[in-house]
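Trainee: I should like to examine one part of this model closely, together with its surroundings. Would you describe that part and then set it in the context of the rest of the structure?

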Amino acid sequence: MAWLRDRPTANLSLEDVARHVHLSPRRFQTIFREGTGIRFRRYRLWQRLQAAAEELPQYRHLTDLALTAGFADLAHLSRSFREMFGIAPFKGLRAAGPFSFRPIRNLHPPAAGEA
């Protein structure tokens with residue numbers, strides 16, 4: 001999880017991460033979902049949205065922010081934000097100032113023998 005946290009906007013597939021931790025993609029997905037309660041892809045989307053939101057005050061153009069956060073364009077970022085959080089993306093966030101997201105769960109890998 002620390003490896004993923006250090007790369008919130010990297011274009012990493014489930015297969016890439018499974019290979020990194022020496023598991024099959026299917027086994028990795030199972031362990032990941034059991035440990036976090038969500039699918040890997042959804043977690044990565046949440047990470048990218050979180051990174052974009054945290055970087056918002058530093059960007060003058062939201063399209064640049066979207067591309068930096070790993071989205072195809074501003075429309076992709078906006079759609080993803082609305083689907084994830086159910087609100088209009090970044091509406092009023094610039095005025096509100098910095099904010100943070102709560103973690104989805106306590107995301108620690110299981111201890112040896114717990115998996």
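Mentor: In this predicted model, helix α4 covers residues 40-55. Its 16 residues span 23 Å from the first C-alpha to the last, close to the 22 Å expected at 1.5 Å a residue. Twelve of those 16 residues are buried, so α4 is largely enclosed by the rest of the structure.

The buried set begins with Phe40 and continues with Tyr43, Arg44, Leu45, Trp46, Gln47, Arg48, Leu49, Gln50, Ala51, Ala52 and Ala53. As for what encloses them, these buried residues pack against five helices: α1 (2-5), α2 (14-20), α3, α5 (62-68) and α6 (74-85).

The nonpolar core gives a second view of the helix. The largest such core has 23 residues, and Leu4, Phe28, Phe40, Leu49 and Phe71 are those with the most contacts inside it. Helices α2, α3, α4, α5 and α6 each supply at least two residues of this core, and the largest share, six residues, comes from α4. Phe40 and Leu49, both among the buried residues of α4, are thus named again among the core residues with the most contacts.

Individual contacts show how α4 meets its surroundings. Leaving aside neighbours within four places in sequence, Phe71 is in contact with Leu45, Arg48 and Leu49, each of them a buried residue of α4. Phe71 also touches Ala66, His76, Leu77 and Ser80. Phe40 is in turn touched by Gln29, a residue of helix α3 (residues 25-36). Not counting residues up to four places away in sequence, Gln29 also touches Leu14 and Arg39. Gln29 is counted as buried because its relative accessible area is 18%, below the 20% limit.

Helix α2, one of the partners of the buried residues of α4, also holds a charged pair. A search of the whole structure finds one salt bridge, in which the side chains of Arg19 and Asp16 meet at 3.5 Å, N to O. Side chains of opposite charge can pair when their charged atoms come close. Both residues lie in α2, three residues apart, about one turn of the helix. Arg19 counts as exposed because its relative accessibility is 56%, whereas Asp16, at 26%, counts as partly exposed.

Key:
Residues numbered from 1 in each chain as written. Predicted model: local features only at pLDDT ≥ 70, side-chain atom pairs only at ≥ 80, totals over all residues. Heavy atoms only, no water. Helix = DSSP H or I, 4+ residues; strand = E, 2+ residues; numbered from the N terminus. Buried < 20%, exposed > 50% of the residue type's maximum accessible area, 1.4 Å probe, protein only. Contact = heavy atoms within 4.5 Å. Expected span 1.5 Å × (residues − 1). Core = buried A, V, L, I, M, F, W, Y, C linked by side-chain atoms within 4.5 Å. Salt bridge = Lys/Arg side-chain N within 4 Å of Asp/Glu carboxyl O.
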